[in-house]
Amino acid sequence: MSRLAEARVIVTCPGRNFVTLKLTTEDGLTGLGDATLNGRELAVAAYLTEHVCPLLIGRDAGAIEDTWRYLYNGAYWRRGPVTMSAIAAVDTALWDIKGKAAEMPVYELLGGRCRAGVTVYGHASGATVDRLLEAVGRYVELGYRAVRVQCGVPGLAAAYGVGRGELFYEPAEGGARPREELWSTAAYLSTVDEVLGAVRERFGPELELLHDAHHRLTPIEAARLGKTVERHRLFWLEDPTPAELQSTLRTIRAHTTTPLAVGEVFNSIWDCEQLIREQLIDFIRMSVAHSGGITHLRRVLHLAELHRVRSGFHGATDLSPVCLAAALHLDLAIPNFGLQEYMHHTPETDAVFPHSYAFRDGMLHPGEEPGLGVILDEDLAARHPYEPALLPVARLADGTMHDW
Ligand code: EZ4
Ligand code: CO
């Protein structure tokens with residue numbers, strides 16, 4: 001294939017910040033990769049601009065695996081969200097270029113489709129149970145077959161996952177310092193079983209229900225929660241504990257058959273190797289943008305397939321339409337697909353990133369455009385300059401810092 005002639009980083013804020021890498025070959029093919037790391041965007045932009053882009057010029061655009069190893073093994077300093085997001089952007093853009101060169105959608109290059117479409121789940125939330133039930137009802141009307149449910153907690157001003165908007169949830173906020181939220185595990189655990197029970201009762205046995213505990217519990221608290229909510233038959237309980245200590249999942253697993261999903265903050269196969277090998281989880285939630293791109297995430301899913309672990313790729317609004325498209329191509333082509341997260345981007349974001357993927361009957365379809373099927377409107381992007389925004393932090397009532 002032809003050589004890379006240009007590598008540029010585009011930072012834009014159409015409603016929220018996105019970092020995009022655009023690669024151009026000598027014969028004019030372009031590829032896009034998402035490098036957005038929520039609240040730390042400019043660190044990845046600088047890693048790319050200062051340390052990666054200069055290495056790419058003149059390289060064979062077709063050498064995807066070799067370029068991955070050149071950037072990963074070649075840096076000596078391995079892994080971490082900044083490095084792996086930068087490598088992911090290069091890798092994703094190279095797959096986009098290869099698809100365009102072959103005049104095929106990327107899923108064809110990955111082995112072809114294994115299913116008709118990509119079943120997705122939406123995010124329903126409400127400050128109260130009644131509000132939550134209304135929100136779930138709206139997703140059901142839209143055709144969703146799976147919904148994540150998050151509810152306000154009496155006594156806590158802000159609970160994770162309870163959105164301000166209708167069809168999206170955006171936790172990052174502007175300001176020089178992160179917003180501080182009060183957290184109480186006791187208050188949360190005293191209501192969550194009732195909340196999930198109310199949703200199951202209203203919507204019946206067919207709708208798939210998910211819930212995200214967002215890394216806030218101890219292993220034994222998580223074990224108790226998983227056991228308590230078993231009768232509501234969740235599709236998954238997400239991030240019950242901070243999972244970088246992989247052996248903690250053994251405790252939870254020993255006590256409950258509630259399926260477990262973790263991994264949205266992971267960035268390499270080494271963050272989940274034990275979890276997968278010991279079958280301590282049911283779904284792996286890494287994203288293309290934070291986990292070394294299509295090449296590395298595919299490797300994780302091949303390992304997972306051996307151990308009957310399925311995909312549940314992260315699809316929050318802080319991952320750009322480029323990342324979502326890449327996830328959809330991989331979702332179609334892997335044998336062990338589970339479910340794809342889908343939070344609507346704002347109309348401003350969709351205007352900057354026109355795309356071929358589309359929602360029909362509870363599924364997303366990546367479309368048949370060559371490559372990933374996403375464009376970046378650079379003129380429009382330039383009209384939305386970067387605006388610093390940070391994720392909140394959480395403290396207990398006595399001031400102790402807690403996992404947000
Ligand atoms: O808090 O992507 O399951 N989804 C999530 C997300 C994360 C955000 C952080 O940037 O947990 O809402
Ligand atoms: Co989550």
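Buried means under 20% relative accessible area, exposed over 50%, and partly exposed in between, using a 1.4 Å probe and protein chains only. Keep in mind that this is a predicted model: local features need pLDDT of at least 70, side-chain atom pairs need pLDDT 80 or more, and totals for chains, interfaces and linings use all residues. Residues are numbered from 1 along each chain, chains are lettered from A and ligands numbered from 1 in the order written, and side-chain values use heavy atoms, without hydrogens or water.

**Exercise 1. Two residues with positive phi**

Work out where tyrosine 76 sits, where histidine 214 sits, and whether each is buried or exposed.

Step 1. Start with the backbone: phi is near 70° for tyrosine 76 and near 50° for histidine 214. Most residues other than glycine have a negative phi.

Step 2. Now place them. Tyrosine 76 belongs to the loop between helix H2 (64-72) and helix H3 (81-102), while histidine 214 belongs to the loop between strand S8 (208-212) and helix H8 (219-228). Helices (H or I, at least four residues) and strands (E, at least two) are DSSP runs, numbered from the N terminus.

Step 3. Check the cover. Tyrosine 76 counts as exposed because its relative accessible area is 60%. Histidine 214 comes out at 6%, so this residue is buried.

**Exercise 2. Around ligand 1**

Find out how many residues surround ligand 1, and which side chains put polar atoms by its oxygen atoms.

Step 1. Count the shell: 15 residues (a heavy atom within 4 Å) surround ligand 1, and histidine 214 turns up again among the closest, along with Tyr160, Glu238, Glu264 and Asp318.

Step 2. Look for polar contacts, meaning pairs of N or O atoms within 3.5 Å; within protein, one must be able to donate a hydrogen and the other to accept it, and residues adjacent in sequence count only if both atoms are side-chain atoms. Glutamate 264 has a side-chain N or O atom 2.6 Å from a ligand 1 oxygen. For aspartate 212, the separation from a ligand oxygen is 3.1 Å, and for glutamate 341 it is 3.3 Å.

Step 3. Ask how much of the ligand is covered: the protein takes up 94% of the 330 Å² of accessible area that ligand 1 has on its own. Those areas come from the Shrake-Rupley method with a 1.4 Å probe; for residues, only the protein chains shown count as cover.

**Exercise 3. Polar partners away from the ligand list**

Which partners do the side chains of threonine 12 and aspartate 271 have, and are the two residues buried or exposed?

Step 1. Threonine 12 is in strand S1 (residues 4-12). A polar atom of its side chain is 3.3 Å from the backbone oxygen of histidine 384.

Step 2. Aspartate 271 is in the loop between strand S10 (260-262) and helix H10 (273-277). Its side chain makes a polar contact of 3.2 Å with the side chain of arginine 79.

Step 3. Threonine 12 has a relative accessible area of 0%, so it is buried. Aspartate 271 has 17%, so that residue is buried too.

**Exercise 4. Sequence versus space**

Take leucine 306: is it buried or exposed, and how far apart in space are leucine 306 and arginine 277?

Step 1. Leucine 306 belongs to helix H11 (residues 293-306), and is exposed because its relative accessible area is 59%.

Step 2. Leucine 306 and arginine 277 are separated by 29 residues in sequence and by 8.5 Å in space, C-alpha to C-alpha.
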